[in-house]
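Trainee: I should like to learn how to read a model of this kind. Where should one begin?

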Amino acid sequence: MEDNMSISQMDLKQKVRDYIKRVGIPKTTFCSRIGISPSYLYKWFKGEKEFSDSLVSRINSYIDKF
C-alpha cells in the first residue's frame, strides 16, 4: 500500500510541476491558492513531507479546473 501512495505522490508532484510551468505562476502563488506554505511545498518536493489525502484531493481538484 505504501508503494502505491509513493507512486501517487510522485505522480502528483509531476502534475504540480507541470501545472506551475504551464500556467506560468510562481510556486508561492500556487501555495497561496491551495492554502499551504511555500516551505511545506518545497519539503514535499524534496520528499521530506507527504500531503494528507484531503490536501491531495484539494490539489487535484484545483489543477483539474485548468
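Mentor: Begin with the contacts along the chain. In this predicted model, residues 24 or more positions apart account for 53% of the contacts in the protein chain that have a separation of 6 or more.

Trainee: Which secondary structure does the protein chain have, and what pattern does it follow along the sequence?

Mentor: The chain comes to 4 helices and 0 strands, and along the sequence the pattern reads α-α-α-α. Of its 66 residues, 30% count as buried.

Trainee: How does one read the buried residues of a helix? Which residues of H2 are buried?

Mentor: An α-helix has 3.6 residues a turn, so residues three or four places apart point the same way. Helix H2 spans residues 27-34, and Phe30, Cys31 and Ile34 are buried there. Viewed down the axis of H2, these buried residues fall within an arc of 100°, so they line one face of the helix. After H2 comes Gly35, with a positive phi near 85°.

Trainee: Which residues are buried in H3?

Mentor: In H3 the buried residues are Leu41, Trp44 and Phe45. Their arc around the axis is only 100°, which puts them on the same side of H3. H3 is followed by Gly47, whose phi is positive, near 85°.

Trainee: What does the loop between H2 and H3 offer as an example?

Mentor: Ser37 is found in that loop. With 34% relative accessibility, Ser37 counts as partly exposed. Ser37 and Lys27 are 10 residues apart in sequence, and their C-alpha atoms are 9.8 Å apart in space.

Trainee: How should a buried charge be read? What is the nearest side chain of opposite charge to Lys13?

Mentor: One asks what the charged side chain has around it. Lys13 lies in helix H1, residues 2-23. Lys13 is buried yet has no salt bridge. A salt bridge would require a side-chain nitrogen of Lys or Arg within 4 Å of a carboxyl oxygen of Asp or Glu, whereas the nearest side chain of opposite charge, Glu50, is 7.3 Å away from Lys13.

Trainee: Over which ring does the charged end of Lys13 sit?

Mentor: The charged end of Lys13 sits over the ring of Trp44, 5.6 Å from the ring centre. Leaving aside neighbours within four places in sequence, Lys13 is in contact with Trp44, Phe45 and Gly47.

Trainee: Which residues does Gln9 contact, leaving aside its neighbours within four places in sequence?

Mentor: Gln9 is also found in helix H1, and at 4% relative accessibility Gln9 counts as buried. With those neighbours left aside, Gln9 is in contact with Trp44, Glu50, Phe51 and Val56. Gln9 and Glu50 are 41 residues apart in sequence, but 7.6 Å apart in space, C-alpha to C-alpha.

Trainee: How are aromatic pairs to be read, and how many are there?

Mentor: One reads the distance between ring centres together with the angle between the planes. The count comes to 6 aromatic pairs. One of them is formed by Tyr19 and Tyr62, an edge-to-face pair with 5.8 Å centre to centre and 75° between the planes. Tyr19 lies in helix H1 and Tyr62 in helix H4, residues 53-64, so this pair ties together parts that are 43 residues apart in sequence.

Trainee: Are Tyr19 and Tyr62 buried or exposed?

Mentor: Tyr19, at 1% relative accessibility, counts as buried. Tyr62 is buried as well, with a relative accessible area of 13%.

Trainee: What is the geometry of the pair formed by Tyr40 and Phe51?

Mentor: The ring centres of Tyr40 and Phe51 are 5.3 Å apart and the planes are at 40°, so the pair is tilted. This pair links distant parts of the chain, 11 residues apart: Tyr40 is in helix H3, residues 38-45, and Phe51 is in the loop between H3 and H4. Tyr40 is partly exposed, with a relative accessible area of 24%, while Phe51 counts as buried at 3% relative accessibility. Tyr40, Trp44, Phe45 and Phe51 form one aromatic cluster.

Trainee: Finally, where does Asp64 lie, and how far is Asp64 from Tyr19 in space?

Mentor: Asp64 lies in helix H4 and is exposed, with a relative accessible area of 54%. Asp64 and Tyr19 are 45 residues apart in sequence and 9.6 Å apart in space, C-alpha to C-alpha.

Note on methods:
Residues are numbered from 1 along each chain as its sequence is written. This is a predicted model: local features need pLDDT of at least 70, side-chain atom pairs count only at pLDDT 80 or more; totals for chains, interfaces and linings use all residues. Side-chain values use heavy atoms; hydrogens and water are left out. Buried means under 20% relative accessible area, exposed over 50%, partly exposed in between (1.4 Å probe, protein chains only). Helices (H or I, at least four residues) and strands (E, at least two) are DSSP runs, numbered from the N terminus. The arc is that of the directions from the helix axis to the C-beta atoms. Lys and Arg count as positive and Asp and Glu as negative; His and the chain ends are not counted. Contact means heavy atoms within 4.5 Å. Rings of Phe, Tyr and Trp (its six-membered ring) pair if their centres lie within 6.5 Å; planes under 30 degrees apart count as stacked, over 60 as edge-to-face and the rest as tilted. A charge sits over a ring if NZ of Lys or CZ of Arg is within 6 Å of the ring centre and within 35 degrees of the ring normal.
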